[in-house]
Amino acid sequence: MMDHASQLELQAFFDGELPENEAHDMANRLARESDAAALLTELRNTSKALKGFESDIKLPESREFFWSKIERDIARLEQAEPAVRAPEPLLARWRRLLVPASAFAALVLMVVVAARQWELPIGFGSGVRPAPVLETALADSGAFTYRDQSEGITLVWLSYPGEKGVADSGPADTLQ
Amino acid sequence: MRTKQLVASWLAGTAVATFLLGMTTPSAVAADLKLEAQLIWGTADAKSPDPNHKPVDPEVAKKLKTLPFKWANYFEVNRRQFVVPESGVRKEIMSKDCEIRVKNLGRAMVELALVGRGAPVGKITQALPKKELLVTGGNAPNFTAWFVVLKQAE
């Protein structure tokens, strides 16, 4: 039974790679050992089979042209690989953050200004105004308040006459 | 990563907006109130017997005519412009019988006190934003009326 080193040595013999003295020794051994001779026969048969298999494959083009195509494909794939992105400048990062932030701030500001301008009731201190607080010093006050939200006018009517004794004498028909 | 950027943008925007909002809130602006008071006489007559009277501003007249009164004409008897600092009080003589005291309560709130012939008549507390009118009034002889119109001066 041949060990692994002897098998490799036999394969080298078969390939004609052994020095002359070692090749002579291997030839003697082959003559003595049947399993070595059997392995050599197997190597020969395998080599023949492979040569025969390779001879059936025919390239439709020259060998140089075939390999040049492979080389071009490799080069093309290397170029197609994504390039490593350069680090983004700090200014660009800030701009990307500040542009939408500024837009949002401008939007909020516009809403606030519009609310103040048109007095939208959105809770900024404007909008529907509460009724005025009235304290009157008159005992029999016929005072009343009136509010026109659309016109922005608040009326507080007092029973105090402009000239005492004169207004009181006329009928209180000042309202329509 | 994209979500973080979006959230950061919104937070930054909110901060900027809050800052801008703070800059524009009434408490942040000058608290002084520049006011204008007018003593007005309302009548059905087209012409005032007093040559010193003149028709009120068209803008004020238009607003007064929206009130549920029968008077068609309004004449300006007197007009005063004055500034009231926040928490301050300003006294103005509108006529020999009519005096007003205006207190600036802040945030465009005013307290208007009317004094007739030296005696308090009434006190009104009301917000007075720009372009709004606070009108007080009462009967006057011959079915006419007096008004004190208070507004923020332009």
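**A sheet shared by chains A and B**

Me: In this predicted model, which residue of strand 3 of chain A does A:Arg147 stand opposite?
Reply: Strand 2 of chain A, residues 144-148, pairs with strand 3 of chain A in the antiparallel sense over 5 bridges. Within that pairing, the residue standing opposite A:Arg147 is A:Thr154.

Me: Which residue in the turn between strand 2 and strand 3 of chain A has a positive phi?
Reply: These two strands form a hairpin, with 4 residues between them. The turn residue with a positive phi, of about 70°, is A:Gly152.

Me: How many residues of strand 3 of chain A are buried?
Reply: In a regular strand the side chains alternate between the two faces of the sheet. Here A:Ile153, A:Leu155 and A:Trp157 point one way, while A:Thr154 and A:Val156 point the other way, and all are buried. For strand 3 of chain A, residues 153-157, the count of buried residues is therefore 5 of 5.

Me: What is the bridge partner of A:Trp157 in strand 8 of chain B?
Reply: Strand 3 of chain A runs parallel to strand 8 of chain B, residues 133-140, and 5 bridges join them. A:Thr154 has B:Leu134 as its bridge partner there, and the partner of A:Trp157 is B:Gly137.

Me: Which are the edge strands of the open sheet?
Reply: The sheet has 7 strands with mixed pairing, in the order 2(A)-3(A)-8(B)-9(B)-1(B)-3(B)-2(B). Those that each pair on one side only are strand 2 of chain A and strand 2 of chain B.

Terms used:
Residues are numbered from 1 along each chain as its sequence is written. Chains are lettered from A and ligands numbered from 1 in the order in which they are written. This is a predicted model: local features need pLDDT of at least 70, side-chain atom pairs count only at pLDDT 80 or more; totals for chains, interfaces and linings use all residues. A residue is buried if 20 or more other C-beta atoms lie within 10 Å of its own, exposed if 12 or fewer, and partly exposed in between; C-beta atoms are placed from the backbone. Two strands pair if DSSP finds at least two bridges between them.
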